[in-house]
Amino acid sequence: MPGLQDNTKVYTLNDGNKIPAVGLGTWRATSEDNIKEVVESALKNGYRHIDTAAIYGNEEDVGEGIKASGVPREEIFVTTKLWNDDHKNVRAAFEESLKKLQLDYVDLYLIHWPLDGSFDNKNAKISDAYETYLELQKLKKEGKAKSIGVSNYTQGRLESLLSHPEVTIKPVVNQIEAHPLLPQTELYNYLKKNDIFITAYSPLGSADSPLFKEKNVLRIAEKNDVEPAQVLISWAVQRDTIVIPKSVKTSRLVSNIKTFQLPDEDFEVLNELAAVEGEKRTNDPLPAIFQD
Ligand SMILES: NC(=O)C1=CN([C@@H]2O[C@H](COP(=O)(O)OP(=O)(O)OC[C@H]3O[C@@H](n4cnc5c(N)ncnc54)[C@H](OP(=O)(O)O)[C@@H]3O)[C@@H](O)[C@H]2O)C=CC1
Ligand SMILES: O=C1Nc2ccccc2C1=O
């Protein structure tokens, strides 16, 4: 059984572009966490994929970290996301993100939520946001966003998006919460069939995660002599999803990118965990968003 190794797996997206399987998440990572140094350190420790978003308020620091790392731009995969308030303002919001990141293109631009207004805006509409997506298509055609995709989409909203004749470029990913307590099995199967990758967010169960107290996760970690986080990240990669664990601690950054091949019996236990223990979603800002 191969042991822990720095994960250098790269997937080919449905538009031919390549994405490193393991990336660094940056939600709730701010200047107070020295996010610039965190990004720099991640890149110096082998990460080649950074996930940010306009709403995280850290694009400037992420850009500084990229620059400070000295890693050539073309070796780094950078994702950022359009915030809900900017669905009618895509170009300006995108240009603002580029400026803050000090980049002239991003590798992946996502619609953060299928919602055209803040979570607390009663007039905000949940939909497939296809008009917004058409603006992303233009950015892709101009080469300013090398790939485009969505986040927090249900199967129904994706089906609806793909049914518009003007939608000619498939999203390359749907970034959704995914971990052993929320395997998203149906959506996983639908996306796989349609050649759209899952990017698994909150793969460790986010802050104060129940997964770090889950007896099977702890047992599998102990049995294989690895960290619980490494079990969760390895599981995500083993089921062919992209995964973006967040940490602002160098020691965790370094260990989170080391994955291993889970023995079949352990992989199966994790595949069945939600069915046995019950599902647990950590991000639920607007429950109606996860119902079609
Ligand atoms: N598209 C979307 O709507 C969303 C996207 N995301 C993206 O996904 C990323 C990851 O999700 P996120 O919700 O941040 O949660 P994660 O599941 O990545 O968990 C992060 C938490 O786990 C801790 N942690 C990290 N590594 C370890 C470790 N080895 N052992 C123990 N604890 C650890 C972190 O603390 P510390 O930093 O102190 O190490 C932090 O509290 C986000 O940062 C963001 O980029 C997230 C939510 C929604
Ligand atoms: O990235 C995000 N993390 C979140 C957590 C709660 C609500 C929204 C979000 C995001 O958009």
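1. A polar contact here is a pair of N or O atoms within 3.5 Å. The model is predicted, and the points below concern ligand 2 and the aromatic residues around the ligand.

2. By that cut-off, H112 qualifies: an N or O atom in its side chain is 2.7 Å from an oxygen atom of ligand 2. Y56 places a side-chain N or O atom 2.6 Å from an oxygen atom of the ligand. For W113, the separation between a polar side-chain atom and an oxygen atom of ligand 2 is 2.9 Å. On its own, ligand 2 has 280 Å² of accessible area, and the protein covers 79% of that area.

3. The residues surrounding ligand 2 are W27, Y56, W83, H112, W113, F119, N283 and P285. Sorted by class, this shell holds six nonpolar and two polar residues, with no charged residues. The space that ligand 2 takes up is the largest pocket.

4. The count of aromatic pairs comes to five. One of them joins W83 and F119: the ring centres are 5.7 Å apart and the planes stand at 75 degrees, so this pair is edge-to-face, the cut-off for that class being over 60 degrees.

5. Where do W83 and F119 lie in the chain? W83 is in the loop between β6 (77-82) and α3 (90-101), whereas F119 is in the loop between β7 (106-111) and α4 (130-141), so their pairing ties together parts that are 36 residues apart in sequence. Both W83 and F119 also belong to the set of residues around ligand 2.

Notes: Residues numbered from 1 in each chain as written. Chains lettered and ligands numbered in written order. Predicted model: local features only at pLDDT ≥ 70, side-chain atom pairs only at ≥ 80, totals over all residues. Heavy atoms only, no water. Near = heavy atom within 4 Å. Polar contact = N/O pair within 3.5 Å; in protein donor to acceptor, adjacent residues only side chain to side chain. Areas by Shrake-Rupley, 256 points an atom, 1.4 Å probe, with all protein chains shown as cover. 1 Å grid on protein atoms, 1.4 Å probe; cavity = no way out; pocket = protein on both sides within 12 Å on 5 of 7 lines; lining within 4 Å. Sits in = over half its atoms within 2 Å of the grid points. Nonpolar A, V, L, I, M, F, W, Y, C, P; charged D, E, K, R; others polar. Phe/Tyr/Trp six-rings, centres within 6.5 Å; stacked < 30°, edge-to-face > 60°. Helix = DSSP H or I, 4+ residues; strand = E, 2+ residues; numbered from the N terminus.
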